[in-house]
Amino acid sequence: MIELRNLTLIELQELISSLGEPSYRAKQVFEWIHKGANSFDELTNIPKGLRERLASISYIENIKTAEKFVSNIDETTKYLLQLSDGNFIECVLMKYKHGYTVCISTQIGCRMGCKFCASSHTAFSRNLTAGEMLGQVLLASNEVAKATNGDVTRVSNVVLMGIGEPLDNFDNVLKFFELVNAPDGINIGQRHISLSTCGLADKIRELSKRNLQITLSVSLHAALDETRSEIMPINQRFDIDELMNACREYAETTGRRISFEYALIAGVNDGREDAMMLAELIKKYFSRNSVYIKPTDFTKKVDINLGLVHINLIPINYVNESGYERSKDAEKFRAELERRGVTATLRRELGTDIAAACGQLRAERVE
């Protein structure tokens with residue numbers, strides 16, 4: 001059976017043509033399923049005969065809301081979603097002044113093993129299809145339309161920061177970009193899409209060749225290999241030097257700024273020396289002339305290309321298995337970076353009371 005939501009318009013046209021129908025029918029079907037249709041009965045301007053033939057060879061993935069949690073702090077909403085095969089994922093809808101953002105999952109479980117992340121404590125099952133990723137966006141858009149009585153009909157921004165490592169599901173993620181950006185679909189521009197990776201340097205290089213206009217966020221979390229390998233096993237495969245070179249290549253190729261995510265963990269990576277080493281690391285790879293700055297030479301003024309890099313500081317969120325505690329020195333850490341010429345901001349926390357914040361998604365069924 002073919003998952004229709006997973007098809008591009010061209011692929012759908014080929015399918016419709018194989019059934020002896022005119023190609024314009026494909027556009028009609030495409031528009032319906034990108035409006036959130038979950039059954040063939042909802043395709044009201046499609047002939048019944050075609051709907052029946054489509055139903056015999058294909059299906060529309062109907063993602064169901066199993067649980068819904070709404071934050072009492074900031075109205076952030078977390079959805080526990082059940083897929084047609086019985087698996088569960090989570091996505092999060094966030095409200096900002098500029099509009100609504102949905103954080104979607106890209107895999108069922110995760111293989112990366114980052115110690116501070118709840119998703120890594122969920123066994124990996126499989127990759128999500130592009131259609132299943134799109135389905136999360138459509139579900140969130142329908143929720144926004146209900147909440148605003150139709151005044152707002154869709155989310156405006158998408159972040160691939162939920163369960164799973166997006167670049168470990170490379171081909172499906174690229175197809176999702178094509179689907180979500182389709183003019184005949186919901187047409188969310190690439191500049192409104194962010195992808196977060198734990199640091200698959202080979203895939204970052206491959207992504208740079210596609211010259212997309214998405215925002216790349218890289219989970220760095222340490223400036224020393226020893227520390228990063230302890231909390232992020234991926235560093236044993238791609239060390240900091242290889243990762244940072246790939247990131248610079250990406251930024252220079254695409255012209256897009258990279259955001260380095262840095263979760264502040266008490267006693268692990270939040271000291272003044274950690275901030276100094278992080279500033280040095282950024283200067284080493286992102287100064288315009290790539291001059292290496294000696295650890296003791298912090299008086300030397302360096303021309304940082306601020307358009308290519310930004311540090312996003314995140315107070316670590318509670319995850320039962322990690323045992324990590326959040327830093328109390330976040331502002332001091334940020335100030336130290338700024339003093340050394342590196343731009344950094346503290347991320348606004350959303351949904352902490354419903355375990356919907358950064359690193360807390362795990363898709364456990366709540367009975």
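Here is a friendly run of questions and answers about this predicted model.

Reader: Let's start with the helices. At what angle do the axes of α6 and α8 cross, and how are the two helices oriented to each other?

Author: Helix α6 covers residues 201–210 and helix α8 covers residues 240–254, and their axes come within 9 Å. The crossing angle is roughly 10°. Angles under 35 degrees count as roughly parallel. The orientation of α6 and α8 is therefore roughly parallel.

Reader: Which residues of α6 meet α8?

Author: On the α8 side, the contact includes Leu243, Ala246, Tyr250 and Thr254. The residues of this contact divide into seven nonpolar, four polar and three charged. On the α6 side, the residues are Ala201, Ile204, Arg205, Leu207 and Ser208.

Reader: Just past α6 I come to Asn211. What is notable about its backbone, and how exposed is the residue?

Author: Asn211 is found in the loop between α6 and β11. Most residues other than glycine have a negative phi. Asn211 is not a glycine, yet its phi is positive, at about 50°. As for exposure, its relative accessible area is 44%, which makes Asn211 partly exposed.

Reader: And His221: is it buried or exposed?

Author: His221 has its place in the loop between β11 and α7. His221 also has a positive phi, of about 70°, although it is not a glycine. Its relative accessibility is 3%, and the limit for buried is under 20%. His221 therefore counts as buried.

Reader: Now to the other end of α8. How far is Gly255 from Leu212 in space?

Author: Gly255 is found in the loop between α8 and β12. At 52% relative accessibility, Gly255 counts as exposed. Along the sequence, Gly255 and Leu212 are 43 residues apart. From C-alpha to C-alpha, they are separated by 9.8 Å.

Reader: Let's turn to the aromatic rings. How many aromatic pairs does the structure hold, and what is the geometry of Phe176 with Phe177?

Author: The structure holds three aromatic pairs. In the pair of Phe176 and Phe177, the ring centres are 6.1 Å apart and the planes are at 50°. Phe176 is buried at 0% relative accessibility, and Phe177 is buried at 3%. The geometry of this pair is tilted.

Reader: What kind of pair do Phe260 and Phe286 form, and how many residues apart are the parts they tie together?

Author: The centres of these two rings lie 5.8 Å apart, with 75° between the planes, and the pair is edge-to-face. Both Phe260 and Phe286 are buried. Phe260 lies in strand β12 and Phe286 in helix α9, so the pair ties together parts whose separation in sequence is 26 residues.

Reader: Which charged residues sit over aromatic rings?

Author: Over the face of Phe69, at 5.2 Å from the ring centre, there is a lysine, Lys78. Over the ring of Phe124, 4.1 Å from its centre, sits the charged end of an arginine, Arg111.

Reader: Near the N terminus I see Glu3. Is Glu3 buried or exposed, and which residues does it contact?

Author: Glu3 lies in strand β1. It has a relative accessible area of 9%, so Glu3 is buried. Its C-alpha atom is separated by 5.8 Å from that of Ser58, 55 residues away along the chain. Leaving aside neighbours within four places in sequence, the contacts of Glu3 are Tyr59, Glu61, Thr129, Gly131 and Glu132.

Reader: His34 lies in a loop too. Which residues does His34 touch?

Author: The loop that holds His34 runs between α2 and α3. With a relative accessible area of 3%, His34 is buried. Not counting residues up to four places away in sequence, His34 touches Leu134, Leu138, Leu179, Gly185 and Ile186.

Reader: Last one: where is Thr153, and which residues are in contact with it?

Author: Thr153 has its place in the loop between α4 and β9, and it is exposed, with a relative accessible area of 57%. Thr153 and Glu143 are ten residues apart in sequence and 8.7 Å apart in space, C-alpha to C-alpha. Leaving aside neighbours within four places in sequence, the residues in contact with Thr153 are Ser141 and Ala145.

Conventions:
Residues are numbered from 1 along each chain as its sequence is written. This is a predicted model: local features need pLDDT of at least 70, side-chain atom pairs count only at pLDDT 80 or more; totals for chains, interfaces and linings use all residues. Side-chain values use heavy atoms; hydrogens and water are left out. Axes are lines fitted to C-alpha atoms, for helices over the stretch in contact, and angles run from 0 to 180 degrees between N-to-C directions. Helices (H or I, at least four residues) and strands (E, at least two) are DSSP runs, numbered from the N terminus. Angles under 35 degrees count as roughly parallel, over 145 as roughly antiparallel, 65 to 115 as roughly perpendicular and the rest as oblique. Contact means heavy atoms within 4.5 Å. Ala, Val, Leu, Ile, Met, Phe, Trp, Tyr, Cys and Pro count as nonpolar, Asp, Glu, Lys and Arg as charged, and the others, Gly among them, as polar. Buried means under 20% relative accessible area, exposed over 50%, partly exposed in between (1.4 Å probe, protein chains only). Rings of Phe, Tyr and Trp (its six-membered ring) pair if their centres lie within 6.5 Å; planes under 30 degrees apart count as stacked, over 60 as edge-to-face and the rest as tilted. A charge sits over a ring if NZ of Lys or CZ of Arg is within 6 Å of the ring centre and within 35 degrees of the ring normal.
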